[in-house]
Amino acid sequence: METELLEKIKENASKRRKTLVLPESHDERVLKAAEILLKNKIASVITLGNEEKIWSDAKRLGLELSGIRTINPEKSELLSDYANIFYNKRKHKGVTIESAREIIKRDLFFGAMLVKEGMADGGVSGSFASTSDVMRAGIQCIGMPEGISIVSSFFLMIFPEQTYSFADCGVVPNPDAIQLADIAVTTADNHKKLTGEKPYIAMLSFSTKGSATHELTEKVIEATRIAKEKRPDLQIDGELQFDAAIVDSVGKKKAPGSNVAGRANVLIFPDLNAGNIGYKIAQRLGKAEAVGPVVQGLIKPFSDLSRGCSVEDIVNSSAIAALMS
């Protein structure tokens, strides 16, 4: 059963009338998701690949895809321009104009260039490609905004009473203090965009306010300082243990005077070990609905999917990308 929050995200996305590129049209799940996005007016859709095969697959699957634009990267009039743009961005890395052309023919890279050049407002891929391939296309084509040091991800963890944002649970193995601070502020902004709630950001650790001293806690303390300095408008506190972050009575006892302790809704884990384990415990034992991973830190959204994703997962990620763009 779809949660009220996801219904709201889709409704808000439909009001924005955004265009999304779904590069992996050879995946039946992507075509099925494209039909749902179109029928429910969540977003306009561009699919990439051989047009004849896309329409043949749609007919075989009984899908109605009229109104969806299809582009074959290998035959597109945009290929030369995009290859030149990519070459100029990457020639310092040894990319030649010939290799740039071959790279841009790939669906992920062509899709990312559509987003960079404003022909699409965002992209969703990864049902077939690996996370590293999706990240590579997003970073090399779209790039990161000034002041953000890392591309990361977050999950919306939807419980009956409360929705939390967990980060980073899918991309950055061991962020340094600067990167951890950037993950915190980026997640906070996206939490507000998607839920409408004021973010209260807890920088998580196994220590609360000096209850333990270790180099691992020192990183979190430094990241908290950097995040506060970068974004004094946000409510950020750390280091906090998980219970001090979300349980009011524990927060008051362990971190008296904190504006975040006991009320956090954005939970920043110190590394990927903690984040990935944490979200899966919440999902499997806590019965939370985990929506994501949602990629963040790019100039425009270019989201990643799990290769085991469902059609519904693709639709949800697309609605989120439309709302984040």
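How are helix 8 and helix 13 oriented to each other: roughly parallel or roughly perpendicular? In this predicted model, the two helices pack at an angle of about 105°, with their axes 10 Å apart. Angles of 65 to 115 degrees count as roughly perpendicular, and helix 8 and helix 13 are therefore roughly perpendicular to each other. The model also holds an open sheet of six strands.

**Helix 8 and helix 13**
- Helix 8 spans residues 177–195, and helix 13 spans residues 311–324.
- On the helix 8 side, the contact is made by Asn190, Lys193 and Leu194; on the helix 13 side, Ile320, Leu323 and Met324 take part.
- Sorted by class, four residues of this contact are nonpolar, one is polar and one is charged.

**The sheet**
- The strand order is 8-7-9-6-5-10, with mixed pairing.
- Strand 8 (235–240) and strand 10 (289–296) are the edges, each pairing on one side only.
- From one strand to the next, the twist averages 20°.
- Three bridges join strand 7 (residues 200–204) to strand 9 (residues 266–268) in the parallel sense.
- Alanine 202 has leucine 267 in strand 9 as its bridge partner.

**Helices on the sheet**
- Helix 1 (residues 4–16) packs on the sheet, where it touches strand 5 (152–158), strand 6 (163–167) and strand 10.
- The direction of helix 1 makes about 125° with that of strand 5.
- Helix 12 (residues 272–284) also packs on the sheet, in contact with strand 5, strand 6 and strand 10.
- Between the directions of helix 12 and strand 5, the angle is about 20°.

Definitions and conventions:
Residues are numbered from 1 along each chain as its sequence is written. This is a predicted model: local features need pLDDT of at least 70, side-chain atom pairs count only at pLDDT 80 or more; totals for chains, interfaces and linings use all residues. Side-chain values use heavy atoms; hydrogens and water are left out. Two strands pair if DSSP finds at least two bridges between them. Helices (H or I, at least four residues) and strands (E, at least two) are DSSP runs, numbered from the N terminus. Axes are lines fitted to C-alpha atoms, for helices over the stretch in contact, and angles run from 0 to 180 degrees between N-to-C directions. Contact means heavy atoms within 4.5 Å. Angles under 35 degrees count as roughly parallel, over 145 as roughly antiparallel, 65 to 115 as roughly perpendicular and the rest as oblique. Ala, Val, Leu, Ile, Met, Phe, Trp, Tyr, Cys and Pro count as nonpolar, Asp, Glu, Lys and Arg as charged, and the others, Gly among them, as polar.
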